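I opened this entry to look up the overall build of the chain and then a few of its charged side-chain pairs.

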Amino acid sequence: MTSELDIFVGNTTLIDEDVYRLWLDGYSVNDAVALRVRSGILEQTGATAGVLQSDTMDHYRTFHMLERLLHAPPKLLHQLIFQIPPSRQALLIERYYTFDEAFVREVLGKKLSKGTKKDLDDISTKTGITLKSCRRQFDNFKRVFKVVEEMRGSLVDNIQQHFLLSDRLARDYAAIVFFANNRFETGKKKLQYLSFGDFAFCAELMIQNWTLGAVGEAPTDPDSQMDDMDVDLDKEFLQDLKELKVLVADKDLLDLHKSLVCTVLRGKLSVFSEMETNFKNLSRGLVNVAAKLTHNKDVRDLFVDLVEKFVEPCRSDHWPLSDVRLFLTQYSVSVHSLDGFRHQVLWDRYMGTLRGCLLRLYHD
């Protein structure tokens, strides 16, 4: 009687990138083997189906053992069980924390809780991403959020330090954490045209300009000492934004602002007459968005309001993006020529970020 035994011996842990991708995508061993067979690997290598099955199972066992280390990437670097070259370690970590655009769009801005996790079955069906992969991605978001949510300092730096991600991926996770913490609405029908990249771009601008970390100092209120520098919006700044309402409440200021903008842009915009007609409505929309940001619900609805109050009216009048850019630039700059306006620094902090966001949100 003879027995067959597959033995794998080696010092360096072998990582097959294709098998790792199949494991990350949530495929079972049998499904992974079938996909590998379909790729023509048996013909390319001369291996048998049995050897391919054993090879796939061996890789899956290795990945399962590595997974607990991937939950805290610095541990992977310092462990001695698996002999993995640094470049391979970086690949394992980066790929493990990489996420699908379709998946992140479904959960962006939602609370990273058990309630959202219960929706993963539906998200899996809607996106075609396996449930196992959805769970991994969701758990990654939640894990990063829990580690960095109460840390002081740069959100991106904290994520890189604790999860060893590339700069680009760390910035994406910073956007996910920022949106989850502030619960921005991203799921409404009118926002579906926007990609994760659009929201991440806006998140980066807000982190740089609208958070406590943006001003580089701790809050003066002792009850706010636990606020997280890059995660929480600067509440004092949001309160101060109410001061901007004078730009639309004071008729003389509003008329002068319109006159300054129209004087510079006459002959430069293809939609000048539409802009001139709608200037006051557009200005009221942009300023009122600022004035309402003292309320949590209005903070959550920021992107809905920006699309409703600015993007949709301009789009309905067929503004090209170049005209939107010219208008927002002059609209922002001309405030500095309003003698009766005393909140220039506040205005620049608000409109500098808003201008960047609106240009990103506007798809002509």
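I began with Glu17, which I enter as partly exposed because its relative accessibility is 27% (buried means under 20% relative accessible area, exposed over 50%, partly exposed in between, with a 1.4 Å probe and protein chains only). I note that this is a predicted model, in which local features need pLDDT of at least 70 and side-chain atom pairs count only at pLDDT 80 or more, while totals for chains, interfaces and linings use all residues. Residues are numbered from 1 along each chain as its sequence is written, and side-chain values use heavy atoms, with hydrogens and water left out.

I then looked up the partner of Glu17 and found Arg95, in a salt bridge at 3.1 Å from N to O (a side-chain nitrogen of Lys or Arg within 4 Å of a carboxyl oxygen of Asp or Glu). Glu17 belongs to helix α1 (residues 17–24) and Arg95 to helix α6 (residues 86–97), so the pair ties together parts 78 residues apart in sequence; helices here are DSSP runs of H or I, at least four residues, numbered from the N terminus. Arg95 is also entered as partly exposed, at 27% relative accessibility.

Next I checked Asp172, whose salt bridge with Arg168 has its closest N and O atoms 3.3 Å apart. Both residues sit in helix α12 (residues 167–182), 4 residues apart, about one turn of the helix. Asp172 counts as buried at 15%, whereas Arg168 is partly exposed at 47%.

Lastly, I recorded a network of salt bridges that links Asp16, Arg36 and Asp55, and a count of 20 salt bridges by this rule.

How values were computed. Helices (H or I, at least four residues) and strands (E, at least two) are DSSP runs, numbered from the N terminus.
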